[in-house]
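Visitor: I am new to this structure and should like to understand the terms used for it. Would you please guide me through them?

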Amino acid sequence: MKPSLRILTCFITTLLITSCNEKKLIEVQVPLPEEEVTTIQMGNPDDVIANEGAFKMIPLPYSYDALEPYIDAKTMEVHYSKHHLGYTNKLNEIITGTDLEKMTIEEILKSLDLENVTLRNNAGGYYNHNLYWSSMSSKSTGEPTGSLNTAIKNDFGSFSGFKNQLTETANKQFGSGWAWVITDKNGKLSIVGTANQDNPLMPNLGVSGTPILALDVWEHAYYLKYQNKRNNYIESFFKVINWKSVQKRYDEAIKKELPVQQVQ
Ligand code: MN3
């Protein structure tokens, strides 16, 4: 290449690079993103249907957001439509074609072989969550009344004595599990804890009685709103306890166990 041509080529190249660089520096008006739509899509609990099998999804007696601000809607939705549905479907799957299909969930639990871990976890999960949903209401009366109130005072000294014991049991349950209020056939109340999806109906766990109130202390029950603060979740749970339904279960548990009267 001739020196003059080389100079010319260099000049043109320099010009091109400069113009390219200049182009890069041109300010461009970027349109602002459209305002984000903030409506949260929330499902309907009635749309959650179990796969075919002996056990159905018992309808949630309130909407997902009914227990706000104590139990948040997102937690309720995931808990009911994912976790609870999962236990229900798995339970149906493992009992299909067996004698268990014709039994009630209580009968399955009372006759459970603890070595059957899949049945233990999923039959437990199904029963426990149904009791948990019905232990709560947006219209909590705060404290019990009637015979349950009397029993609480007899067995725990006062409502605050009862509350302290249930809170302590729920807090100290290591890892995943449940805290329960149970009654014996004479109406005497106790508070017990169980691990994983175990419950007081299962044999040989060292706790026995009829559950009348269930408190889920798995992290999935509270982590979205409360993170590691399980105690705050337990405090909130007390704001939504459905004492009417707990009383109903208490009455039924005692009635069921009453001895048949001797005819003279
Ligand atoms: Mn749960």
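Guide: The chain holds nine helices and three strands, in the order α-α-α-α-α-α-β-β-β-α-α-α from the N terminus. This is a predicted model, in which local features need pLDDT of at least 70 and side-chain atom pairs count only at pLDDT 80 or more, while totals for chains, interfaces and linings use all residues. Residues are numbered from 1 along each chain as its sequence is written, and side-chain values use heavy atoms, with hydrogens and water left out.

Visitor: What makes a run of residues a helix or a strand in the chain?

Guide: Both are DSSP runs, numbered from the N terminus: a helix (H or I) has at least four residues and a strand (E) at least two. Helix 4, for example, covers residues 117–134.

Visitor: Which residues coordinate the manganese ion, and what makes an atom a donor?

Guide: Donors are N, O and S atoms within 2.8 Å of the metal (3.2 Å for Na, K and Ca); water is not among the atoms, so sites may look incomplete. His79 (NE2), His129 (NE2), Asp216 (OD) and His220 (NE2) coordinate the manganese ion at 2.0 to 2.2 Å, and these distances therefore satisfy the limit of 2.8 Å. Along the chain, the spacing of the donors is H-x49-H-x86-D-x3-H. Histidine 129 in helix 4 and histidine 220 in the loop between strand 3 (210–216) and helix 7 (223–226) are 91 residues apart, a pair that links distant parts of the chain.

Visitor: Why is histidine 129 called buried?

Guide: Buried means under 20% relative accessible area, exposed over 50%, and partly exposed in between (1.4 Å probe, protein chains only). Histidine 129 has a value of 0%, so it is buried.

Visitor: How do you know that asparagine 204 is exposed?

Guide: Its relative accessible area is 73%, which is over 50%, so asparagine 204 counts as exposed. This residue is in the loop between strand 2 (189–195) and strand 3.

Visitor: Why does glutamine 227 count as partly exposed?

Guide: The relative accessibility of glutamine 227 is 31%, between the two cut-offs, and the residue is therefore partly exposed. Glutamine 227 lies in the loop between helix 7 and helix 8 (230–237).

Visitor: What is notable about phi in these two residues?

Guide: Most residues other than glycine have a negative phi, and most peptide bonds are trans. Asparagine 204 has a positive phi of about 65°, and glutamine 227 has a positive phi near 50°.

Visitor: Which peptide bond is called cis?

Guide: The bond from glutamate 68 to proline 69 is cis, with omega near 0°.
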